[in-house]
Amino acid sequence: MHQRAILGTKLFETVARGVFVLTCTYRLPLVEAGQFGLGVTLIGLAAFLLGYERQIDVQRAVAGDDPSVIRQRLVDTLRFFSAHFAWVLPILAWILWQIFGWGPTQVALAVVIMISEHASNQSYQATLVSPRNYPLQAVAAMRYGVLASGALLLLAIKPDSFTIDGILWWWASVSLLVLPVFAWVWIVALRLPAGGKATQRQTIAQQYRASRLHFMVGVVAVAALQADRVVVGIALQPADIGTYFRNVMLAGLALQVFSIASFGRVAPTVYAMARASNMNGVRKRVAREYTWFALATVLLLGLALAMNALAAYPASRWGISGVFLSVLMLGVLLRAAADYTGLLLLASGADRAVLRNQVMAVLVGVCLLLLLAYQFGLPGAIAGAVPTSLAYLLLNFLALRRRGH
């Protein structure tokens with residue numbers, strides 16, 4: 001499958017997810033919009049915990065290898081996920097029930113959504129490792145296309161049912177129906193003939209060890225991206241929380257596009273080039289990719305702000321501020337640069353440096369965010385989106401300089 005088709009399908013999925021999330025965020029009442037934003041954040045965090053960052057080890061080991069080798073490694077990874085789910089899912093369900101106060105029905109729906117979100121995430125990772133797995137990615141894209149279409153239809157036909165509970169039921173129903181489709185595609189449609197190149201199996205314990213450090217780096221990275229939402233939920237008033245999420249969801253969509261269209265697409269190639277000791281080519285590829293993303297982001301933001309001004313600022317009716325959005329997008333650009341410098345470190349084997357830098361950046365960023373949010377309210381919380389990404393970028397840049405890159 002051609003890389004453009006893979007990228008196009010993933011962008012379609014991202015846009016469909018954005019339509020679904022933004023429709024819910026902007027059409028729910030302001031306070032409920034904040035509640036929905038927190039719910040989306042919790043489900044996303046749960047999907048990350050279920051994934052355990054296994055994709056980095058898999059990409060490093062088998063990206064571009066023989067199809068039978070890739071298939072075996074993915075089968076081993078599925079076995080790992082089965083064991084991982086057995087103890088992580090009950091803990092996540094208990095946290096939603098006891099700490100966040102979700103009812104039993106809501107928890108059950110959320111668990112279904114988490115599993116489906118995980119399957120969608122892994123389908124893209126499997127396609128990046130081997131394009132022959134593209135049908136899995138197509139199913140994931142279809143899932144969010146149906147979700148977005150159904151949400152828009154519900155809003156148009158039966159707006160009284162457009163509530164948080166109604167949205168959660170729709171999300172879980174589509175997720176439950178799609179899971180058997182994922183299974184059929186993997187077991188039947190993508191089955192390889194007998195034979196092929198043999199490879200050593202990975203035990204579950206070996207996979208936990210192989211991805212332990214990557215998971216720790218990922219935990220800190222997620223904390224850097226999501227800590228602001230948790231702090232906002234604690235520090236701000238309900239109406240300000242809703243306004244915050246209506247702005248931050250747009251910046252989050254831009255960061256998702258970066259992760260998919262640029263970072264996620266390039267990472268397997270970078271690891272393969274690093275295995276061939278082509279670090280000079282890696283640096284050039286990363287610099288080119290970031291330049292294109294940064295230019296596109298600045299141009300699109302400028303166009304959006306200009307159109308909003310010419311139309312007498314209609315976005316303000318939904319709580320969207322041009323100043324707030326500009327600050328958040330600056331944070332996105334800094335985070336993208338930091339992630340790419342981190343990728344260079346990972347490609348050269350400096351995993352511990354990435355973890356150390358992430359931890360230091362999060363500590364600095366969260367402290368500043370708390371101070372700004374409590375001192376200045378919503379504007380302070382918006383400004384607090386910048387320090388963590390800036391600190392992470394500077395620390396990664398210094399680490400690269402020390403390694404001679």
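## Helices, pockets and buried residues in a predicted model

Leaving aside residues up to four places away in sequence, I56 touches H214 and Y271. This residue belongs to helix α3, and because its relative accessibility is 11%, below the cut-off of 20%, I56 counts as buried. Another residue, Q125, stands 69 residues from I56 along the chain, while the C-alpha atoms of I56 and Q125 are separated by 9.4 Å. The model described here is a predicted one, and the paragraphs that follow move from the chain as a whole to its pockets, one of its cavities and two further residues.

### The chain as a whole

The secondary structure of the chain comes to 14 helices, with zero strands, so that the order of elements, read from the N terminus, is α-α-α-α-α-α-α-α-α-α-α-α-α-α. For a chain of 405 residues, a compact globule would be expected to have a radius of gyration near 22 Å, and the 21 Å found for this chain agrees with that expectation. The C-alpha trace, taken along its principal axes, spans about 60 × 50 × 40 Å.

Of the 405 residues in the chain, 53% are buried. Among the contacts with a separation of 6 or more, 84% are between residues that stand 24 or more positions apart. The accessible surface of the chain comes to about 18,400 Å², and carbon and sulfur atoms account for 69% of that surface.

### The two largest pockets

The largest pocket has a volume of about 860 Å³. It is lined by 33 residues, and those closest to its centre are L250, A254, L300, L301 and M329. Four helices, α1 (3-27), α9 (238-275), α10 (279-310) and α11 (322-347), each supply at least two residues of the lining of the largest pocket. Of the elements that contribute, α10 gives the most to this lining, with eleven residues.

The second largest pocket has a volume of about 600 Å³. Its lining is made of 24 residues, of which L78, F81, H118, A119 and Q122 lie nearest its centre. The elements that give two or more residues to the lining of this second pocket are α3 (54-62), α4 (67-98), α5 (104-129) and α7 (164-189). The largest share, eight residues, comes from α5.

The table sets out the classes of lining residues for these two pockets and for the second largest cavity.

| Space | Volume | Nonpolar residues | Polar residues | Charged residues |
|---|---|---|---|---|
| Largest pocket | about 860 Å³ | 25 nonpolar | six polar | two charged |
| Second largest pocket | about 600 Å³ | 15 nonpolar | eight polar | one charged |
| Second largest cavity | about 40 Å³ | four nonpolar | two polar | two charged |

### A cavity

The structure holds two cavities of 30 Å³ or more, and the second largest of them has a volume of about 40 Å³. The residues that line the second largest cavity are P67, I70, R71, L74, S130, R132, N133 and W186. Helix α4 gives the most to the lining of this cavity, with four residues. By class, the lining of the second largest cavity has four nonpolar, two polar and two charged residues.

### Two further buried residues

Helix α5, the element with the largest share of the lining of the second largest pocket, is also where S123 lies. Is S123 buried or exposed? With a relative accessible area of 2%, which is under the cut-off of 20%, S123 is buried. When residues up to four places away in sequence are not counted, S123 touches L136, Q137, A140 and F182.

The place of R335 is in helix α11, one of the helices that supply at least two residues to the lining of the largest pocket. R335 has a relative accessibility of 3% and therefore counts as buried, the cut-off being 20%. How far apart are R335 and A189, in sequence and in space? Along the sequence R335 and A189 are 146 residues apart, and in space they are 38 Å apart, C-alpha to C-alpha.

Conventions:
Residues numbered from 1 in each chain as written. Predicted model: local features only at pLDDT ≥ 70, side-chain atom pairs only at ≥ 80, totals over all residues. Heavy atoms only, no water. 1 Å grid on protein atoms, 1.4 Å probe; cavity = no way out; pocket = protein on both sides within 12 Å on 5 of 7 lines; lining within 4 Å. Points joined across faces, edges and corners; volume = space filled by probe spheres on them. Nonpolar A, V, L, I, M, F, W, Y, C, P; charged D, E, K, R; others polar. Rg over C-alpha atoms; globule rule 2.2 N^0.38 Å. Buried < 20%, exposed > 50% of the residue type's maximum accessible area, 1.4 Å probe, protein only. Contact = heavy atoms within 4.5 Å. Areas by Shrake-Rupley, 256 points an atom, 1.4 Å probe, with all protein chains shown as cover.
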